[in-house]
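Subject: Handing over the structure

Hello,

Here is the structure I promised to pass on to you. Please open it alongside this message, and I will walk you through what turned up.

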Amino acid sequence: MSTPLIQTRELVKYFNTRRGPLHAVDHVNITISRGETLGVVGESGCGKSTLGRTILRLLEPTSGEILYNGENIVGYSQKQMKEMRKKMQIIFQDPFTSLNPRMSVSEIIAEPMITTRTHGSHGERLDRVYHLMETVGLAERFINSYPHELDGGRRQRIGIARALSVDPEFIVCDEPVSALDVSIQAQILNLMMDLQDEMGLTYLFVTHNLSVIKHISDNIAVMYLGQCVEFAPTSELFANPQHPYTRALLNAIPIASLKHRKKLEIIKGEVTSPINPKPGCRFADRCPYAEDRCREDGLALKEGAPGHFVACRLHE
């Protein structure tokens, strides 16, 4: 069995607050095989983006391990991480604020090459910039343009080209299409899937849109208040969701049909605070199936069906 490209073991990221530690990522275990896409879904504030940035060590983990091709990078020095940046990149959510307004398109795309000292000469970098612009579908005439002169779709293409400039193997896609129009979303998603096929890229795709994640991902991790509550292949998760929270998310997907309307099941109850959370299932106060034992000690992911893991007392 081949070694996964990305793997986390009991990964933890807490933020200190006046009231105590905020559990943004709490003992998360995920695995991403080379060339695959892991979709991470959940409500705003569940820790999706923090998980991606912690894996890249843009945020330092509180504890746990981050394995890249079987090697733990948590203890890497700044010099070692600078080399790792060539292999691990990120595409940010907002294609405007993530681009330097004082830099032209060519300068933005070339910046990672300068920082990592790849494609040494100016001529080599410029050739690389032209090639990347063609790859992501950005016309050459925009090479000296500035971000404010372009629309959202073209700005996000710049962000993708910048991420690709150092030939990475792994890219964290932090809601890369949520700020775009629906028609542009489809173009960017198809572009990313084509690039993955051509270059053998591995994605961690963060989003709250389950329709998007169904289209692009091989496996899905469902997060709730910092914890991974379900992990399964995409087709299996949509066909047979096990965790009550996953079922609620799937039920919230709108259907564009007047004939087949469905009754929305509203999740009741208050959201548990992520600051010093109580033991047990964090969804228990909102779960219609909760029992007293759900509020006892926490429950780890357990495999019910092949490749399908769920953290729920109902499926022990």
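The centre of this tour is an open sheet of eight strands, in the order E7-E8-E9-E4-E10-E11-E13-E12, with mixed pairing. Strand E7 (88-91) and strand E12 (302-305) are at the edges and have a single partner strand each, so one side of each has no neighbour in the sheet. On average, neighbouring strands of this sheet are turned by 20° against each other, direction ignored. Please keep in mind that this is a predicted model.

Now for two pairs of strands in that sheet. Strand E10 (residues 219-224) pairs with strand E11 (residues 227-233) in the antiparallel sense, over six bridges. If you want a place to start looking, Asn219 has Pro233 in E11 as its bridge partner. Helix H9 (residues 244-251) lies across both E10 and E11, and runs at about 105° to E10.

The other pair takes you to the edge strand E12, which is joined to strand E13 (residues 308-310) by three bridges, again running antiparallel. Here Glu303 stands opposite Phe309 in E13. E12 and E13 form a hairpin with two residues between them. In the turn, look for Gly307, which has a positive phi of about 80°.

Next, the empty space. How many cavities of 30 Å³ or more does a search of the whole structure find? The search finds one, and its volume is about 30 Å³. To find this cavity on screen, select Ile91, Ile160, Leu164, Ile171, Met192, Leu195, Leu201 and Tyr203, which line it. Helix H5 (152-164) and helix H6 (182-199) each supply at least two residues of that lining. By class, the lining has eight nonpolar residues, with no polar and no charged ones.

There is also a pocket to visit. The second largest pocket holds about 320 Å³ of space. Its lining is made of 14 residues, and Arg85, Met88, Gln89, Ile90 and Pro112 are the ones nearest its centre. Edge strand E7, helix H3 (105-116) and H5 each supply at least two residues of this lining, and H3 gives the most, with four residues. What classes do the residues of this lining divide into? Seven are nonpolar, three are polar and four are charged.

Happy exploring, and do write back with any questions.

Best wishes

Definitions and conventions: Residues numbered from 1 in each chain as written. Predicted model: local features only at pLDDT ≥ 70, side-chain atom pairs only at ≥ 80, totals over all residues. Heavy atoms only, no water. Pairing = 2+ DSSP bridges. Axes fitted to C-alpha atoms, helices over the stretch in contact; angles between N-to-C directions. Contact = heavy atoms within 4.5 Å. 1 Å grid on protein atoms, 1.4 Å probe; cavity = no way out; pocket = protein on both sides within 12 Å on 5 of 7 lines; lining within 4 Å. Points joined across faces, edges and corners; volume = space filled by probe spheres on them. Nonpolar A, V, L, I, M, F, W, Y, C, P; charged D, E, K, R; others polar.
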